[in-house]
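Reader: I am new to this structure and would like to learn how its descriptive terms are earned. Could you take me through them one at a time?

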Amino acid sequence: MTRILGLDPGFAETGWGVVEAEGNRFRHVDHGAIRTKAKEQVGFRLSAIYDAVKSLVEQYRPECCGIEELYFAKNITSAFPVAQARGVLLLVLEQHSIVTESYSPPLIKQTITGVGRAEKRQVQEMVRLLLGLTEIPKPDHAADALAAALTHASFRFSSLRGVRRDI
């Protein structure tokens with residue numbers, strides 16, 4: 001089985017999830033969120049995200065990573081801090097030689113539910129079913145990260161290999 005890290009970048013909260021995949025079989029390993037406080041300085045918050053993701057990579061030793069692309073339809077001002085956090089995540093992954101692919105939110109939704117405009121609750125429920133969990137993963141950002149990991153597994157190890165990813 002291949003161990004895959006999934007990441008949902010955020011400045012206040014970065015979701016993460018680890019799954020193992022072999023073909024179309026998936027196993028949940030762990031999930032959670034990295035939280036930073038709004039009252040802290042930007043550099044301190046980015047450093048905290050860096051340290052937490054580095055610790056996750058060293059603890060779980062993923063072979064690859066699926067990370068959600070930035071997607072801002074309404075609040076462009078929040079894009080900048082999230083982009084900074086995403087840059088920190090990509091830096092850690094590169095430093096550990098982890099092959100990383102980015103996936104748009106509509107592509108993740110399409111891959112997980114079959115519908116590119118699926119509601120968040122539908123994606124969460126499918127993540128729960130695909131991983132055989134008794135409850136929807138919490139917090140929401142962790143469920144999104146698990147969806148990114150499952151999407152990466154689907155593209156890397158299944159018949160979706162070579163399919164267009166420009167959704």
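**Terms and the values behind them**

Author: Strand β2 (residues 13-22) and strand β3 (residues 25-35) pair in the antiparallel sense over 10 bridges. This is a predicted model, in which local features need pLDDT of at least 70 and side-chain atom pairs count only at pLDDT 80 or more, while totals for chains, interfaces and linings use all residues. Residues are numbered from 1 along each chain as its sequence is written, and side-chain values use heavy atoms, with hydrogens and water left out.

Reader: What makes β2 and β3 a pair of strands?

Author: Strands are DSSP runs of E with at least two residues, helices are runs of H or I with at least four, and both are numbered from the N terminus. Two strands pair if DSSP finds at least two bridges between them, and β2 and β3 have 10 bridges, so by that definition they pair. One of the partnerships joins E22 to R25 in β3. The two strands form a hairpin with two residues between them, and G23 in the turn has a positive phi of about 60°.

Reader: Which strand is joined to β2 by seven bridges?

Author: That strand is β1 (residues 2-8), which runs antiparallel to β2. R3 has E20 in β2 as its bridge partner, and β1 and β2 form a hairpin with four residues between them.

Reader: Why is β2 called largely enclosed?

Author: A residue is buried when its relative accessible area is under 20%, exposed when over 50%, and partly exposed in between, using a 1.4 Å probe and protein chains only. Nine of the 10 residues of β2 are buried, so the strand is largely enclosed by the rest of the structure.

Reader: What makes V115 partly exposed?

Author: The relative accessible area of V115 is 42%, and because partly exposed covers what lies between 20% and 50%, V115 takes that label. V115 is found in the loop between α3 and α4.

Reader: How do you know how many disulfides there are?

Author: A disulfide is a pair of cysteine sulfur atoms within 2.5 Å, and by this rule the count comes to zero. The sulfur of C64 is 7.9 Å from the closest cysteine sulfur, in C65, which is too far for a bond. C64 is buried, with a relative accessible area of 0%, and C65 also counts as buried at 0%.

Reader: How do you know whether the span of helix α5 agrees with the expected one?

Author: The expected span of a helix is 1.5 Å times one less than its number of residues. For the 18 residues of α5 (residues 140-157) this should give 26 Å, and the end C-alpha atoms are 26 Å apart, so the two agree. Helix α5 is also mostly covered, since 14 of its 18 residues are buried.
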